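Let's take the labels attached to this model one at a time and ask what earns each of them. Here is the structure to keep beside you.

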Amino acid sequence: MSALTKKSVLLGLRGLISELRKCSPTGNMKESLVMTYIFEQYRNFKVTDEQLCKAQQEMNFLAQSYHCYLRSLREYEELHSQYLSKGERTVKQTADLVGFKLPHDAK
């Protein structure tokens with residue numbers, strides 16, 4: 001496998017931070033413990049990948065895995081709230097939800 005570039009590592013970190021910001025109620029992640037931990041881990045793995053005998057891509061893989069998990073969880077919550085938590089719907093609401101149009105009554 002090819003060595004990781006700074007750009008790919010930075011993109012993984014940015015994606016993870018973006019998803020964490022979307023999950024945060026305030027949207028401010030500067031002083032959170034999660035961000036402190038993530039930056040510590042990135043700094044630790046930056047220098048010591050070979051010294052600890054870990055794969056070069058391990059930190060990037062973990063970041064991508066957490067990013068995927070957080071994005072999937074957010075999308076699941078959106079879909080769940082859109083389709084399942086409304087209770088009983090009228091026929092018109094159900095047709096609009098799935099993209100159908102009801103026929104007009106000829107009066």
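Q: How do you know that helix 3 matches its expected length?
A: Helix 3 has 26 residues and runs 37 Å from its first C-alpha to its last, close to the 38 Å expected at 1.5 Å a residue. The expected span is 1.5 Å times one less than the number of residues. Helices here are DSSP runs of H or I with at least four residues, strands are E runs of at least two, and numbering starts at the N terminus. This is a predicted model, where local features need pLDDT of at least 70 and side-chain atom pairs count only at pLDDT 80 or more, while totals for chains, interfaces and linings use all residues. Residues are numbered from 1 along each chain as its sequence is written, and side-chain values use heavy atoms, leaving out hydrogens and water.

Q: How do you know that the span of helix 1 agrees with its residue count?
A: Its 18 residues should span 26 Å at 1.5 Å a residue, and the end C-alpha atoms are 26 Å apart, so the two agree.

Q: What makes the pattern of the protein α-α-α-α?
A: The protein has four helices and zero strands, and reading along the sequence gives α-α-α-α.

Q: Why is E19 called buried or exposed?
A: Buried means under 20% relative accessible area, exposed means over 50%, and partly exposed lies in between (1.4 Å probe, protein chains only). E19 has 3% relative accessibility, so E19 counts as buried. The buried residues of helix 1 are G12, L13, G15, L16, I17, E19 and L20, and those of helix 3 are M59, N60, A63 and L70. Across the protein, buried residues make up 20% of the 107 residues.

Q: What makes the contact between E19 and R74 a salt bridge?
A: The rule asks for a side-chain nitrogen of Lys or Arg within 4 Å of a carboxyl oxygen of Asp or Glu. The closest N and O atoms of E19 and R74 are 3.0 Å apart, so the pair qualifies. This pair links distant parts of the chain, with E19 in helix 1 and R74 in helix 3, 55 residues apart. R74 is partly exposed, because its relative accessibility is 22%.

Q: What joins E19, K22, R74 and E78 into one network?
A: E19 also meets K22 at 3.9 Å, N to O, and R74 meets E78 at 3.5 Å. R74 and E78 are four residues apart in helix 3, so about one helical turn separates them. Salt bridges that share partners then join the four residues into one network.

Q: What makes the largest nonpolar core a core?
A: A nonpolar core is a set of buried Ala, Val, Leu, Ile, Met, Phe, Trp, Tyr and Cys residues joined through side-chain atoms within 4.5 Å. The largest one has twelve residues, including L13, I38, F45 and L70. Helix 1 (6-23), helix 2 (33-48) and helix 3 each supply at least two of its residues. M35 touches I17, L20 and M29, not counting residues up to four places away in sequence; contact means heavy atoms within 4.5 Å.

Q: Why is F61 called buried or exposed?
A: F61 has 54% relative accessibility, so F61 counts as exposed. This residue lies in helix 3 (residues 58-83), and F61, L62 and Y66 form a nonpolar patch on the surface.

Definitions and conventions: Patch = residues over 30% accessible without salt bridge, like charges linked within 9 Å, V, L, I, M, F, W, Y side chains within 5 Å. Areas by Shrake-Rupley, 256 points an atom, 1.4 Å probe, with all protein chains shown as cover.
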